[in-house]
Amino acid sequence: IDVQEKLFPHMSEKEQLEINILRLVSGLKTIGIPLLITEQYTRGLGCTILPLKHILEDTENIEKLTFSCCDHPGFMDILNKTGRKYVIICGIEAHVCVLQTAIDLVKEGYQPVVVENCISSRSPNDKKVALDRMKQEGAIISTLESILFELTRSSGNEIFKTISKLIK
């Protein structure tokens, strides 16, 4: 959600956040999980940061003006067509677009899985409060390593080897 060039430099712990998001997205691609990219008001906030854009060059960008991705009809159309019920979330800002999207996904019958070390806000306290709220609203809170190994399921295959290299 909205990992954009004019907003990203203001995030708390942005260097580690970038590394974690790139690892998560690379891992999800390796496993074969469908991916969606959203961008909030690109005229004002710019496009997705280049390192992430390069990894996701074959993924459709959804430009939105709504804070919740669920309020954008194109997003929900694409999500519904995937047939998936679990939605893994990373992005910014935790207390605005990520929070509202997670809450709305629950209301729409989806199970949001928020990757805690792949979201951020300008203020660490805003992120903390948002995580507490998302958990209260029914989101699952996970971490990069935990979700990738949960999706990998076992160690005896090439996917595990690729994921292990990403994590190290």
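1. Let's start with a side-chain pair: Glu39 and Asn61 are joined by a polar contact of 3.2 Å. Keep in mind while reading that this is a predicted model. Glu39 sits in strand S1, which covers residues 37-40, while strand S2 spans residues 61-64.

2. What is the nearest side chain of opposite charge to Glu39, and how far away is that group? The partner to look at is Lys53, at 5.2 Å. A salt bridge here needs the nitrogen within 4 Å of a carboxyl oxygen, so Glu39 has no salt bridge even though it is buried. Leaving aside residues up to four places away in sequence, Glu39 touches Asp2, Gln4, Cys47, Thr48, Asn61, Ile62, Glu63 and Lys64.

3. Two of the residues on that list, Asp2 and Lys64, are worth a stop of their own. Asp2 makes a salt bridge with Lys64, and the closest N and O atoms are 2.9 Å apart. Asp2 belongs to the segment before helix H1 (14-31) and Lys64 to strand S2, so the bridge ties together parts that are 62 residues apart in sequence. Are the two partners buried or exposed? Both Asp2 and Lys64 are buried, and for Asp2 the relative accessibility is 1%.

4. Have a look at the backbone of Asp2 as well. Most residues other than glycine have a negative phi. Asp2 is not a glycine, yet its phi is positive, at about 55 degrees. Glu13 also has a positive phi, near 55 degrees, and is likewise a residue other than glycine. Glu13 is in the segment before H1, as Asp2 is. As for accessibility, Glu13 counts as exposed at 62%, whereas Asp2 counts as buried at 1%.

5. Next, please check the stretch around Glu93. The peptide bond leading from Ile92 to Glu93 is cis, with omega near -20 degrees; most peptide bonds are trans. Glu93 is found in the loop between S3 and H5 and is buried, with a relative accessible area of 7%.

6. Which residue does Glu93 meet in a salt bridge? The partner is Arg122, with an N to O distance of 3.0 Å. Glu93 comes from the loop between strand S3 (86-92) and H5, and Arg122 from the loop between strand S4 (111-120) and H6, so this pair ties together parts that are 29 residues apart in sequence.

7. On to the helices themselves. H5 (residues 94-107) packs against H6 (residues 124-137) at an angle of about 5 degrees, with 10 Å between the axes. That angle makes H5 roughly parallel to H6. On the H5 side the contact is made by Ala94, His95, Val98, Leu99, Ala102, Ile103 and Val106, and on the H6 side by Asp126, Lys127, Ala130, Arg133, Met134 and Glu137.

8. H6 also holds a salt bridge of its own, between the side chains of Asp132 and Lys128, at 3.0 Å from N to O. These two are 4 residues apart in helix H6, so about one helical turn separates them. Asp132 is partly exposed, with a relative accessible area of 37%, and Lys128 is partly exposed too, at 48%.

9. For the tally: how many salt bridges does a search of the whole structure find? The count is 8, including the Asp2 and Lys64 pair, the Glu93 and Arg122 pair, and the Asp132 and Lys128 pair.

Note on methods. Residues are numbered from 1 along each chain as its sequence is written. This is a predicted model: local features need pLDDT of at least 70, side-chain atom pairs count only at pLDDT 80 or more; totals for chains, interfaces and linings use all residues. Side-chain values use heavy atoms; hydrogens and water are left out. Buried means under 20% relative accessible area, exposed over 50%, partly exposed in between (1.4 Å probe, protein chains only). Lys and Arg count as positive and Asp and Glu as negative; His and the chain ends are not counted. A polar contact is a pair of N or O atoms within 3.5 Å; within protein, one must be able to donate a hydrogen and the other to accept it, and residues adjacent in sequence count only if both atoms are side-chain atoms. Contact means heavy atoms within 4.5 Å. Axes are lines fitted to C-alpha atoms, for helices over the stretch in contact, and angles run from 0 to 180 degrees between N-to-C directions. Angles under 35 degrees count as roughly parallel, over 145 as roughly antiparallel, 65 to 115 as roughly perpendicular and the rest as oblique.
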